[in-house]
Amino acid sequence: MTLLYSSPVFLEHITGAHPEHPRRLMAISDRLKTTGLAARCSQPDFIAARIDQVERIHQTHYIDHLRRYAAAGGGRIEVDTVVSEKSYDVALRAAGAACDAIARVLRGEDKTALCLVRPPGHHARPHDAMGFCLYNSIAVAARSAIDDHGLDRVLIVDWDVHHGNGTQEMFWEDGRVGFLSIHRWPFYPGTGDADEIGASNGLGCIANVPVQFGTPVAEFHARFEHALTDLSSKIKPQLVLISAGFDAHREDPIGSLELETDDFIRLTKTVMAVANQYAEGRVVSLLEGGYNPSRLAECVGVHLNELLSH
Ligand SMILES: [Zn+2]
């Protein structure tokens, strides 16, 4: 089985005419039902992340600002990012799903989990929302693995087409959390060059694979696999987290690196092999981007099918 996290509450982050909209999750949910994939998963109950869990990652004044901004009716909290009245609570539930998933996987309830959450998280910075993201859910979960469950070494793999700048910033000097991002380059948000490798305790624990548009897909996979082998042999992770964006699909209206749906099978297999080698197969995956709802739904389907095959 795989633990599958979804909830109607994630539709309550209302963004209006915006590419990151609730229909993304509705398309995924339909697809997982009609293919029978959802029925093969267990779907745990889960609650919001605690504020002290979020405060390990985000500054208190930002958390307070977001709560007040949402309570006042919301709006554009930064140039790309919309907040609605429920968004504060929805974002806490998204981080809560990730924390619950790692707790259950570390308890041995299952080897793998997939969190189908909104809003996404990997651009969110310690003090600010950014790029459709409010709280950095994967960073909150990685810190929970360390602070609440006593792990020493966690690896985050981010294959969203955009650089996971927020996650990188959180763990730049940490050393307990490795971060690998493969992303289109040059592209939003402008960070993620290959010479960004962390500092202090985190030196060498950050790896970036910038990929130019037009790069052959075979080369994309080869570079990803090489970088993942290198970083995982250094980190020797006890748990692997995936920032699973699907906006590198060739039909994505925002991203696109010419990947086909089946390329996400190979990406998933590659990460699961690393998890099998070092982390007893433990993988928790979180939805990030993906803005063509029908392609996104297909990609999530093949990704989940692989997670189920552990
Ligand atoms: Zn993205």
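## The largest pocket

By class, 10 nonpolar, 4 polar and 1 charged residues make up the lining of the largest pocket. The model is predicted. This pocket has a volume of about 310 Å³. Its lining counts 15 residues, and S6, S7, L25, S29 and K33 are those nearest the centre. Helix 1, residues 23-34, gives the most to this lining, with 6 residues.

## The second largest pocket

The second largest pocket has a volume of about 160 Å³. Helix 4, residues 87-107, supplies the largest share of its lining, 4 residues. The lining includes I47, A48, A49, R50 and Q53. Also among the lining residues are G96, C99, D100 and A103, along with S144, D148 and H149. By class, the lining divides into 5 nonpolar, 4 polar and 3 charged residues.

## The cavity

The structure holds 1 cavity of 30 Å³ or more. The volume of the largest cavity is about 30 Å³. V117, P119, P120, G121 and H122 are among its lining residues. So are S137, I138, L286, L287 and E288. Two elements each give two or more residues to this lining: helix 5 (137-147) and strand 9 (283-287). The lining has 6 nonpolar, 3 polar and 1 charged residues.

## The zinc site

D160, H162 and D247 coordinate the zinc ion. D160 appears twice in the list of donors, each time through OD. H162 binds through ND1 and D247 through OD. The distances run from 2.0 to 2.8 Å. Along the chain, the donors follow the spacing D-x1-H-x84-D. D160 sits in the loop between strand 5 (154-158) and helix 6 (165-171), and D247 in the loop between strand 8 (239-244) and helix 8 (263-278), so the pair ties together parts that are 87 residues apart in sequence.

The site is irregular, with angles of 52 to 154 degrees among its 4 donor atoms. For four tetrahedral donors, the ideal angle at a metal is 109.5 degrees. D160 counts as buried because its relative accessibility is 1%, under the 20% cut-off. D247 is buried too, at 0% relative accessibility.

## Cysteines

A search of the whole structure finds 0 disulfides. A disulfide is a covalent bond between the sulfur atoms of two cysteines. Why does C133 not form such a bond? The closest cysteine sulfur, in C115, is 15 Å from the sulfur of C133, which is too far for a bond. C133 is buried, with a relative accessible area of 1%. C205 is also buried, with a relative accessible area of 5%.

## Unusual backbone

Most peptide bonds are trans, and most residues other than glycine have a negative phi. Which form does the peptide bond from R118 to P119 take, with omega near -15 degrees? This bond is cis. P119 lies in the loop between strand 4 (112-115) and helix 5, and this proline also lines the largest cavity. The bond from W185 to P186 is cis as well, with omega near -10 degrees. P186 has its place in the loop between strand 6 (177-184) and strand 7 (206-211).

K236 has a positive phi, near 50 degrees, and is not a glycine. This lysine is in the loop between helix 7 (217-235) and strand 8. At 45% relative accessibility, K236 is partly exposed. E258 also has a positive phi, about 70 degrees, without being a glycine. The loop between strand 8 and helix 8 holds E258. At 24% relative accessibility, E258 counts as partly exposed. The zinc donor D247 lies in this loop too.

Key
Residues numbered from 1 in each chain as written. Predicted model: local features only at pLDDT ≥ 70, side-chain atom pairs only at ≥ 80, totals over all residues. Heavy atoms only, no water. 1 Å grid on protein atoms, 1.4 Å probe; cavity = no way out; pocket = protein on both sides within 12 Å on 5 of 7 lines; lining within 4 Å. Points joined across faces, edges and corners; volume = space filled by probe spheres on them. Nonpolar A, V, L, I, M, F, W, Y, C, P; charged D, E, K, R; others polar. Donors = N, O, S within 2.8 Å, 3.2 Å for Na, K, Ca; no water. Tetrahedral: all angles 85-135°; square planar, octahedral: opposite > 155°, others 65-115°. Buried < 20%, exposed > 50% of the residue type's maximum accessible area, 1.4 Å probe, protein only. Disulfide = S-S within 2.5 Å.
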